[in-house]
Amino acid sequence: MSLFDCRIDAVCGHARALTYETAHGNFQTPMFMPVGTSATVKGITPKVLKELNSQVVLANTYHLSMRPGADLIAEAGGVHKFMNYDGPMLTDSGGFQVFSLADTVKLDEDGVTFKSIYDGHRVKWTPEENMAIQQKIGADIVMQLDQCAPYPAEKDFVARAVELSSMWAKRCLASHTKKDQTLFGIVQGGMHLDLRLQSINSLIEIENESMANGGRRFGGFGIGGYSVGEDHETMFETLGEVARALPQDRPRYLMGVGNPTTLVRAVGEGVDMFDCVLPTRTARMGTAFSSKGRMNMRNAKFEHDFTPLDHECDCYTCKNFTRAYIRHLVKQNEMLGSILLSIHNIHFLLDLMRRARAAVIAGNYSEFLSAWLNSEGANDY
């Protein structure tokens, strides 16, 4: 395979199994990406990520551009060398973080101006500047600058966000020049199917025009603007049709989603890639994922429980430590408790997606999905 080639290995219903080539190796879907916001997955070393068979790590452009700064990362040789991780990486544009700071944001067609959460200084990003920052950081996959509308929001507001995101997508694609890096466009449109389809059509028109003029195409597509406050059933009213309206020959990435049941359902709708801080954030709160549902390790019922977190799991945590010990660590606020739970929770989602891929290839994804939805823990997520 050549750089950024995407091979469709199997299709089962709407679920897909892909292989995608990057400059730091290929990855296979369906897959979950651990989030390393500041070029680190909290509590997890790069060596442990490799041992977990994590395929792609996500880092955050907003935070890295503020600290330590894109120039310093470039001086180090790029984000891979900076954090000593040699696998594929993705950076989001930071747009979600910017627009979550609504009170400090000034928006116009040229770009977005905002205050740094670190020192309060004013920053302006144009799409071109955002691409320059992400190219300096040097991940394998970068995301366009977009406007993520909140939920709920008036349809006119969401429509304007789609229009602006489309204009910025065109400028991002025109200014992105790094040959060993690819750019994903982002679909917006809130919960409105017509706006979602309009967004997709605009992205396709943008890349067709680019390629007609000797330019590049999008390496894949993010589906943004979900998981912003709506319930999951509202998301699924439109997600499947949105995913399947995207080109068949490139990955579809549902941004910011890490709920196990949502992942399994979304794969069945044609989504390939996911990311979320959920597994590590809940670990730091003392919560473990399991085949039986969420487990609050502060609960007294685990005090004398000398069994693994999850009897069906073969991660390092489950093979070496008991519920009683992990509860002790959590109650004592020992950092090892958060680390062991993070290892387990990340493994849980990575393994769930590996099993999903195997089911697609075996041609029995509908049975896999049904078995998960009827399992004891499915409704707890």
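How many bridges join S11 to S12, and do they run parallel or antiparallel? There are 4 bridges between S11 and S12, and the two strands run parallel. Keep in mind that this is a predicted model.

**Around S12**

Getting from S11 to S12, the chain passes through H8, and this β-α-β crossover is right-handed. One of the pairings to look for is Gly185 with Phe221, its bridge partner in S12. S12 also pairs with strand S13 (residues 252-254), again in the parallel sense, this time over 3 bridges. Here Gly222 has Tyr253 of S13 as its bridge partner.

Side chains in a regular strand alternate between the two faces of the sheet. S12 (residues 220-223) has Gly220 and Gly222 pointing one way and Phe221 and Ile223 the other way, and all are buried.

**Helix H7**

Next up is H7, residues 155-175. With 21 residues at 1.5 Å a residue, H7 should span 30 Å, and its end C-alpha atoms are indeed 30 Å apart, so the two values agree. Its buried residues are Val158, Ala161, Val162, Leu164, Ser165, Ser166, Trp168, Ala169, Cys172 and Leu173. What do the buried residues of H7 pack against? They pack against three helices and three strands by name: H5 (95-99), H6 (127-137) and H8 (193-212), along with S7 (106-108), S8 (111-115) and S11 (182-187). H8 and S11 also turn up in the crossover to S12.

**The S1-S2-S3 sheet and H15**

Over at the start of the chain there is an open sheet of 3 strands, ordered S1-S2-S3 with antiparallel pairing. S1 (6-12) and S3 (25-28) are the edge strands; each has a single partner strand, so one side of each has no neighbour in the sheet. From one strand to the next, the twist averages 10°. S2 (residues 15-22) is joined to S3 by 4 bridges, and Thr19 stands opposite Gln28 in S3.

Lying across S1, S2 and S3 is H15, which runs at about 115° to S2. H15 (residues 335-362) also meets H16 (residues 365-373): their axes come within 7 Å and cross at roughly 145°. On the H15 side the contact uses Phe348, Leu352, Arg355, Ala356, Ala359 and Val360, and on the H16 side Tyr365, Phe368 and Trp372. What kinds of residues make up this contact of H15 with H16? The split is 8 nonpolar, no polar and 1 charged.

**Backbone oddities**

Most residues other than glycine have a negative phi, and most peptide bonds are trans. The spots below go the other way.

| Site | Feature | Value |
|---|---|---|
| Thr29 to Pro30 | cis peptide bond | omega near 0° |
| Arg67 to Pro68 | cis peptide bond | omega near 10° |
| Phe4 | positive phi, not a glycine | about 65° |
| Asn53 | positive phi, not a glycine | about 60° |

Where do they sit? Pro30 is in the loop between S3 and S4 (31-34), while Pro68 is in the loop between H2 (61-66) and H3 (70-75). Asn53 belongs to the loop between H1 (46-51) and S5 (57-60), and Phe4 lies in the segment before S1. Is Phe4 buried or exposed? Phe4 has 15% relative accessibility, so it counts as buried, the cut-off being under 20%.

Key: Residues numbered from 1 in each chain as written. Predicted model: local features only at pLDDT ≥ 70, side-chain atom pairs only at ≥ 80, totals over all residues. Heavy atoms only, no water. Axes fitted to C-alpha atoms, helices over the stretch in contact; angles between N-to-C directions. Contact = heavy atoms within 4.5 Å. Nonpolar A, V, L, I, M, F, W, Y, C, P; charged D, E, K, R; others polar. Expected span 1.5 Å × (residues − 1). Buried < 20%, exposed > 50% of the residue type's maximum accessible area, 1.4 Å probe, protein only. Pairing = 2+ DSSP bridges. Right-handed = clockwise from strand over helix to strand, strands pointing away.
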